[in-house]
Amino acid sequence: MVVNVRATLAEEYILSQTEATKYQKDGHILLKNVVPASEIDELRTAVLKAHQALIAEEEDFQKAFRITQNLWEVNDVVRAHVLSKRYAGIAAKLLGCRDVRIYHDLTFFKDGQGKGAPTPWHQDGHYWPLDTDKCVTLWVPLIDCPLEMGPMSFVSGSHLTRNAEHLEISNSSDDFIKELIEKENLTVAPAQHMNAGDASFHSCWTYHAAESNTTDSMRIAFAIAYFDADATVPLHPLTERRAKNLARWFPGVVPGGPAATQKNPAVLALYD
């Protein structure tokens, strides 16, 4: 596979052991300046262009955010970021694995003026057809994202549970997790202001949510989902959505076999 290597995207992001330990304890972390400042404007333009190219496939989740997926397959600039050694290196260190594969990338556009509704509490793991705990999503706003724009909140330590995995993102998942938070006195890490290029990383099992976007501007965020390069797919997908995602993102895989197709390159190995 040919990778368009940009010097800034091949530079190592210095991640401390303290930060890696914090992620492994909490299941989420916010890191500053993950996307180099020199790259943000071009990436934002590329993401908007690729999203428009895939507009026929756009999904609207609970009127909370709009997504398109695998933009890296239709845009070279997005591809350079998704296959970036810089970002994959962070993900591998946080997960404690030798390399990471791409699950998929996706947009998270939340419309302004309150049209982008609150994102219900949920666990992404409901959708991930993987037999591993080592999964993480990089989520980055491509414009400054104040609290009024709806950055994410997390429940620290919730990645160690599967209590909400049976629920897709919905009012039901929101009510269920809110009740867990209250009954079990769970620790909610509130949303933080994020500058363009800052990135949060969260496990696919971490409870998370976001408020509505009350600003006049659309929240433009982009995400890359990674998993342990040595992971397998389950023998049984368990949920209907996982079964659909297994067919979509891992075409031709054998149940119980390696989660590895042309859609799921092992990123760091591309630079060996």
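Q: Why is Thr132 called buried?
A: In this predicted model, Thr132 has a relative accessible area of 17%. The term buried applies under 20%, so Thr132, at 17%, counts as buried.

Q: Where does Thr132 lie, and what does Thr132 touch?
A: Thr132 belongs to the loop between strand 5 (119-122) and strand 6 (135-141). Leaving out residues up to four places away in sequence, Thr132 touches Trp205, Asp228 and Ala231. Its side chain also reaches the backbone nitrogen of Lys134 at 3.0 Å; a polar contact requires N or O atoms within 3.5 Å, so this distance satisfies the limit.

Q: What makes the position of Arg162 relative to Trp205 count as a charge over a ring?
A: Arg162 lies over the face of Trp205, at 4.0 Å from the ring centre. The distance limit is 6 Å, so the value of 4.0 Å falls within it.

Q: Why is Arg6 classed as buried, and which residues is Arg6 in contact with?
A: Arg6, found in the segment before helix 1, has a relative accessibility of 17%. The limit is under 20%, and therefore Arg6 counts as buried. Apart from neighbours within four places in sequence, Arg6 is in contact with Glu39, Glu42, Val77 and Ala80. Arg6 and Ser84 are 78 residues apart in sequence, while their C-alpha atoms are 8.4 Å apart in space.

Q: Why is the pair of Tyr103 and Phe250 called stacked?
A: The search of the whole structure finds seven aromatic pairs. In the pair of Tyr103 and Phe250 the ring centres are 5.9 Å apart and the planes differ by 15°. A pair requires centres within 6.5 Å, and planes under 30 degrees apart count as stacked; both conditions hold here, so the pair is stacked.

Q: What does the pair of Tyr103 and Phe250 tie together?
A: Tyr103 is in strand 4 (residues 100-110) and Phe250 in the segment after helix 7 (240-249), so the pair ties together parts that are 147 residues apart in sequence. Tyr103 is buried, with a relative accessible area of 1%, and Phe250 is buried at 1% relative accessibility.

Q: What makes the pair of Phe227 and Phe250 stacked, tilted or edge-to-face?
A: The centres of the two rings are 5.8 Å apart and their planes stand at 65°. An angle over 60 degrees defines edge-to-face, so the pair of Phe227 and Phe250 is edge-to-face. The pair links distant parts of the chain, with Phe227 in strand 11 (residues 219-228) and Phe250 in the segment after helix 7, 23 residues apart. Both residues are buried.

Q: Which residues form one aromatic cluster?
A: The cluster consists of Tyr103, Trp128, Phe227, Trp249 and Phe250.

Q: How do you know whether the length of helix 3 agrees with the expected span?
A: Helix 3 (residues 37-53) has 17 residues and should span 24 Å at 1.5 Å a residue; its end C-alpha atoms are 25 Å apart, which agrees. Its buried residues are Glu39, Ile40, Leu43, Ala46, Val47, Ala50 and His51. The elements that cover them include helix 1 (7-10), strand 3 (65-67), helix 4 (76-82), strand 4 and strand 11.

Q: What makes strand 6 largely enclosed by the rest of the structure?
A: Seven of the seven residues of strand 6 are buried, so the strand is largely enclosed. Both faces are covered: Cys135, Thr137, Trp139 and Pro141 are buried on one side, and Val136, Leu138 and Val140 on the other.

Q: How do you know that strand 6 pairs with strand 11 and with strand 9?
A: Pairing requires at least two bridges. Strand 6 and strand 11 are joined in the antiparallel sense over seven bridges, with Val140 opposite Phe222. Strand 6 and strand 9 (residues 199-203) are joined in the antiparallel sense over four bridges, with Thr137 opposite His202. Both counts reach the required number, so both pairings hold.

Q: How many bridges pair strand 4 with strand 11, and how many residues of strand 4 are buried?
A: The two strands pair in the antiparallel sense over ten bridges, and Phe227 in strand 11 is the bridge partner of Arg101. Eleven of the eleven residues of strand 4 are buried.

Q: Why are strand 5 and strand 8 called edge strands?
A: Four strands form an open antiparallel sheet in the order 5-10-7-8. Strand 5 and strand 8 (188-189) each pair on one side only. Strand 8 is joined to strand 7 (residues 152-155) by two bridges, and Val155 stands opposite Val188.

Key:
Residues numbered from 1 in each chain as written. Predicted model: local features only at pLDDT ≥ 70, side-chain atom pairs only at ≥ 80, totals over all residues. Heavy atoms only, no water. Phe/Tyr/Trp six-rings, centres within 6.5 Å; stacked < 30°, edge-to-face > 60°. Buried < 20%, exposed > 50% of the residue type's maximum accessible area, 1.4 Å probe, protein only. Lys NZ or Arg CZ within 6 Å of the ring centre and 35° of its normal. Expected span 1.5 Å × (residues − 1). Contact = heavy atoms within 4.5 Å. Polar contact = N/O pair within 3.5 Å; in protein donor to acceptor, adjacent residues only side chain to side chain.
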